[in-house]
Amino acid sequence: SLSKLQLKTGDLDPRLFSRLRHLQKLDLSDNLLDKFPNSLTLPDLRVLNCNNNKLEDVTALKQFPLLEELTYENNVYLTLNDDYKVMFLLQNLRLLNGKDITKLANHVRRVNSRKLTSKVTAHWEKFFRDQLPEKYTAEQVKSIKKKFLKSVQTNVVHGPSSLSEFTRWRVKMIAEEFLAYSLGLELNTDPEPEENTDENEEESTESPREAAEDVGQVHDFSNDINNVTVTPSKRKRNNSKPGSGNKRSKSQANTEEEAEDVSAEPLHFLQCHSKGNSREDFKTQLWSCVFEPLLDCGARKDPIVSSSRTVATCGGESICLIDCETGTVLKKYKVATEEFFSVAWTTLTMVISDSRKKSHNILAAAGRRGIVKLIHVAADFCYGEIKAHKKPIATVCFSPTQETHLFTASYDKRIALWDIGIPDCDYNFKASKTLVLEALSIPLRIALVPTCPDQYLLAGCEDGCFVWNIKLDKEQKSRPFEAIFQFPDEDGGLTTSHRVDGLAFLNDDVIVSKSSKPGCIYLWSWSRSFDTKGKGCQRTVSAVILAELEWSVTDLSYLTLSTCPAKDYVFCGDENGSVWMYNLSNYTTAWTSAKGKRSDKRIPPTQILKWPELQVNGEQLTEVLINNVVSDPTFTYLVVLTSVNITAIWKKS
């Protein structure tokens, strides 16, 4: 037994462990292991306990081929996909996390493998066999291997989406074995245990979907995580493109790309922010979500699109960390007296033991109490708090260039800039306030200007849209706004006075903002609206409008918008549970040219995702407001936050 010794991966010395030739039972629970060294050997190991560690990968366990019993509960980065990997890798495994998996493991090793092998072979025959000439060079083989491996992992699907990571892992393995066998190519990977594919083997009667649901019980989250999945009773296919079937107006760009259906499928509906973990809570409002930045380890990376699929969401008394692909709530933080409004990520390079440096993702969360919580996610530790404001904090964001600089916008009509410092190995840190920006009304949304994030900050407020100079070489610690922007009003004039509850940059120059004028989202130019050489403070400048987006006619506030700059997309939810999606790639080039002309007519959405008909306790869930919609940087996942305590996750298909 080596439990509760604060052991890290480096403490498991292969030179020592490889001498334990007859060790059968090993307990490594309640330590700090993030992975297993590959060469521990332990040829006779039968029982292994690694509960309550920080394991991120299970494939190294294949070095223990005689393992019969394995437990690794409360390793928050491990998911259902990892359960399936160990079932495949460990041919003698009987018990996983206390559950008999013999029948399911046979299915995974034999039936599942046979089906995937036939799909991989068919994919080669259909799309790749004819690409290889009869006499081929090593270079040609290398090129086709690379294309085939990428294509087969993207296109061969099998079983439920919650197992897609495992399926891609097996497909890659099978594809490499297939290429080695048929083309005599070298395998890059360690040889896997041989599969028993006896054709007379009786097929399991369990379908992979049933199998997935069966082993889904393996992960026993603490009662703190009430991960209730609401099943859609009927999915509506989205062919709800506005104007479909009608004559297109001449102003619409009539190109194939615009006519394309975005088609996203609903993956998960999670009720994980319930007050007191109540299953009856359909009232908690969810406000903010943000995808975790990619690190070499930590954030769950989608292997195909190289993007993080881990998202932090907040609402009510809790913050959740969710794996978008599997719908698993990886972690949950609760503060009983708080109502969280905003979350933001930064990556800090921290000194760990032996003066080594390692990058870690830190999550800042704030809300009604005016306090910022700082959470070291991988260590599962809320290491500090900053009493930032005496009134609630509406939103927070980190500087993209200064990783310790955090902006907090509060109901006290001030935006503060904090340097949160870097915690030492004992989590001691020193936070200091470096700047206060004075607003005339409550700031609701803030955005740093991408071309000069250390110089200008924009804020959408209860009574207008403002910009401040935030350059720190100035002496002045408290600053009034530099300029207020005026927009067209309903009477054809100009006004500065309106609630701006949506604000984001679509690219380096184009700003998207939503105002209290019903049904109106403006796109406007930063460089043409604001002259950085202009003199004087608190001046009024006109926003140079590039286009208007057609949106719902509701006068409800605080349904905010977001952008996906890499794909030129804008997203905004409405009062009926729908998500309006705008693909603006056909417009952005024209806007950036020197004489960029304003689009005369309102641009309609490329697609509207309708809220599915959800049933809760046999009753239809109605009156769903979409408070926020956020995509990951590559627009693979779309996370939709509602007014009814449901997080909906869609995947672009």
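Analyst: Contact means that heavy atoms lie within 4.5 Å of each other. The model discussed here is predicted.

User: Which residues are in contact with Leu70, leaving aside its neighbours within four places in sequence?

Analyst: By that cut-off, Leu70 is in contact with Leu48, Cys50, Leu61, Val86, Leu90, Leu93, Leu95, Leu96 and Asn97. Leu70 is also one of the residues that touch the most other members of the largest nonpolar core, which has 38 residues; Phe36, Leu48, Leu61 and Val86 are the others named. Helices 2, 3 and 5 each supply at least two residues of this core, and helix 2 gives the most, with six.

User: What makes the length of helix 5 agree with its number of residues?

Analyst: At 1.5 Å a residue, its 20 residues should span 28 Å. The C-alpha atoms at its ends are 27 Å apart, so the two values agree.

User: Why is the pair Asp34 and Lys358 called a salt bridge?

Analyst: The definition asks for a Lys or Arg side-chain nitrogen within 4 Å of a carboxyl oxygen of Asp or Glu. Here the N to O distance is 3.9 Å, so the pair meets the cut-off. The two residues are 324 apart in sequence, with Asp34 in the loop between strands 1 and 2 and Lys358 in strand 16.

User: What makes Asp34 and Lys358 count as buried or exposed?

Analyst: Buried requires under 20% relative accessible area and exposed over 50%, with partly exposed in between. Asp34 has 24%, so the residue is partly exposed. Lys358, at 27%, is partly exposed for that reason too.

User: Why do Lys334 and Glu317 form a salt bridge, and what is the accessibility class of Glu317?

Analyst: Their closest N and O atoms are 3.6 Å apart, and the limit is 4 Å, so the definition is satisfied. Glu317 has 9% relative accessibility, which is under 20%, and therefore counts as buried. Lys334, at 32%, counts as partly exposed.

User: Which strands does the salt bridge between Glu385 and Lys373 tie together?

Analyst: Glu385 lies in strand 18 and Lys373 in strand 17, so the pair ties together parts 12 residues apart in sequence. The closest N and O atoms are 2.6 Å apart. Lys373 has a relative accessible area of 14% and is therefore buried, whereas Glu385, at 33%, is partly exposed.

User: Why are strand 19 and strand 26 said to stand at the edges of their sheet?

Analyst: The open sheet has the order 19-20-21-22-26. Strands 19 and 26 each have a single partner strand, so one side of each is left without a neighbour in the sheet.

Key: Residues are numbered from 1 along each chain as its sequence is written. This is a predicted model: local features need pLDDT of at least 70, side-chain atom pairs count only at pLDDT 80 or more; totals for chains, interfaces and linings use all residues. Side-chain values use heavy atoms; hydrogens and water are left out. A nonpolar core is a set of buried Ala, Val, Leu, Ile, Met, Phe, Trp, Tyr and Cys residues joined through side-chain atoms within 4.5 Å. Buried means under 20% relative accessible area, exposed over 50%, partly exposed in between (1.4 Å probe, protein chains only). Helices (H or I, at least four residues) and strands (E, at least two) are DSSP runs, numbered from the N terminus. The expected span of a helix is 1.5 Å times one less than its number of residues. Two strands pair if DSSP finds at least two bridges between them.
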